[in-house]
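Q: I am new to this structure. Could you take me through how to read it, one feature at a time?

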Amino acid sequence: MNRIDEILAQHIKMERSADDAIATRLLVSLTAKPLPAQRHTLLRNWPTVLLNFDFAPAWPRIATLASAGFVGCMVGFFSPGAQIFEKPRTTSVQMADADPGYLVFEPEPLTGVRP
Amino acid sequence: MGLESDEALMLKIAEGDEGAFRRLAPRYASRAIGFARRLTGSDADAEEIVQEAFLRVWVSAPRWRPEAAFRTWFYKIVFNICLNRKRRVPFFPLEIAGDPPDPAPDARTRIERDQSQQQIASAIAKLPDRQRAAILLTYDDELSNADAAQILGVSVSAFEALLVRAKRTLRERLKFILDEN
């Protein structure tokens, strides 16, 4: 240990008795007075709130009926054969020209003669 | 029954256990008083500062998270209150002020000490706040550099630089004492 380290450590140790006397006085005064209210975080009690909340329905029969209806709808909408969300299949005919006769009487490919 | 750790007591304090608070306070009262007293240079201020620090511990305990050691957290509170108090020194006209106040400890304590101890105390008291805190945390509270750096809110290398500067200054100021021995 360096000489300056020794001097500082020794000096600080010598002062500890004065610290102890003040600390004793402080602890007595802390004990004598009532402690202030603690500051809690807002979200501190949320798990307790959730645990205490009663999730059981007030009318069990209505809840059962509603649940069964909900399950039925889900099965109906999303079962493999369900087509409710699919686009309707329509066949569309595109006309190449405004004249429909052009389609009916198609010209001969080689000669270009119309029938 | 073994001694409860500071952190275990803090968890109880967070639940509002006053008994746990009264068991924890004596562990740090004396050291914190010493730290604050030598930092502010006043017994009365040190007592008020540490009392305020303990009350802050009690009030803020529900928000404390056991990620940092209690001791580091507590000393940080004490150090910050000391700095705030030093900044809040009221302004007086120069005529009223008279002689500049001696930052060394009270007269009663001074009388009890011999001359060289007074000179050491005075040399420490004249250091800048952060250098003084670095010396006190190292020699009084025997904290590691990492913990002390955390309390002062600086990096470990910055803390070591503070300590080196403080010791260099003290070596110069206490040269005659060092030469005597």
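Q: Which pattern does chain A follow, read along the sequence?
A: This is a predicted model, so what follows describes a prediction. Read along the sequence, chain A runs α-α-α-α-α. In numbers, chain A holds 5 helices and 0 strands.

Q: How far does helix H4 of chain A reach, and what span is expected?
A: The expected span allows 1.5 Å a residue. H4 of chain A covers residues 60-78, 19 residues in total. From its first C-alpha to its last it reaches 27 Å, close to the expected 27 Å.

Q: How many residues of H4(A) are buried?
A: A residue counts as buried if 20 or more other C-beta atoms lie within 10 Å of its own. In H4(A) the count of buried residues is 0, so by this cut-off the helix is hardly covered. For chain A as a whole, 9% of its 115 residues are buried.

Q: How many residues of chain A are in contact with chain B?
A: On the chain A side there are 28 residues, and they are in contact with 37 residues of chain B. Two elements of chain A each give two or more residues to this side: helix H1 (3-14) and helix H2 (16-32). The largest share, 12 residues, comes from H2(A). By type, the chain A side divides into 14 nonpolar, 6 polar and 8 charged residues.

Q: Where does the largest nonpolar core lie?
A: In soluble globular proteins, nonpolar side chains tend to be buried together. Here the largest nonpolar core has 55 residues. Among those with the most contacts inside the core are B:Ala32, B:Ile33, B:Val50 and B:Val78. Helix H2 of chain B (residues 18-40) gives the most to this core, 10 residues. Domain 1 (1-89) and domain 2 (106-181) of chain B both contribute residues, so the core lies between them.

Q: Which residues is B:Val50 in contact with, leaving aside neighbours within four places in sequence?
A: From chain B, the contacts of B:Val50 are B:Ala29, B:Ala32, B:Ile33, B:Ala36 and B:Val78. From chain A, A:Leu26 is in contact with B:Val50.

Q: Is B:Ser157 buried or exposed?
A: A residue counts as exposed if 12 or fewer other C-beta atoms lie within 10 Å. B:Ser157 has 10 C-beta neighbours inside 10 Å, so this residue counts as exposed. Its place is in helix H10 of chain B, residues 156-173.

Q: How far apart are B:Ser157 and B:Ala146 in sequence and in space?
A: In sequence, B:Ser157 and B:Ala146 are 11 residues apart. In space, their separation is 9.2 Å, C-alpha to C-alpha.

How values were computed: Residues are numbered from 1 along each chain as its sequence is written. Chains are lettered from A and ligands numbered from 1 in the order in which they are written. This is a predicted model: local features need pLDDT of at least 70, side-chain atom pairs count only at pLDDT 80 or more; totals for chains, interfaces and linings use all residues. Two residues are in contact if their C-beta atoms, placed from the backbone, lie within 7 Å. Helices (H or I, at least four residues) and strands (E, at least two) are DSSP runs, numbered from the N terminus. Ala, Val, Leu, Ile, Met, Phe, Trp, Tyr, Cys and Pro count as nonpolar, Asp, Glu, Lys and Arg as charged, and the others, Gly among them, as polar. A nonpolar core is a set of buried Ala, Val, Leu, Ile, Met, Phe, Trp, Tyr and Cys residues joined through C-beta atoms within 7 Å. Domain bounds come from an automatic or database domain assignment. The expected span of a helix is 1.5 Å times one less than its number of residues.
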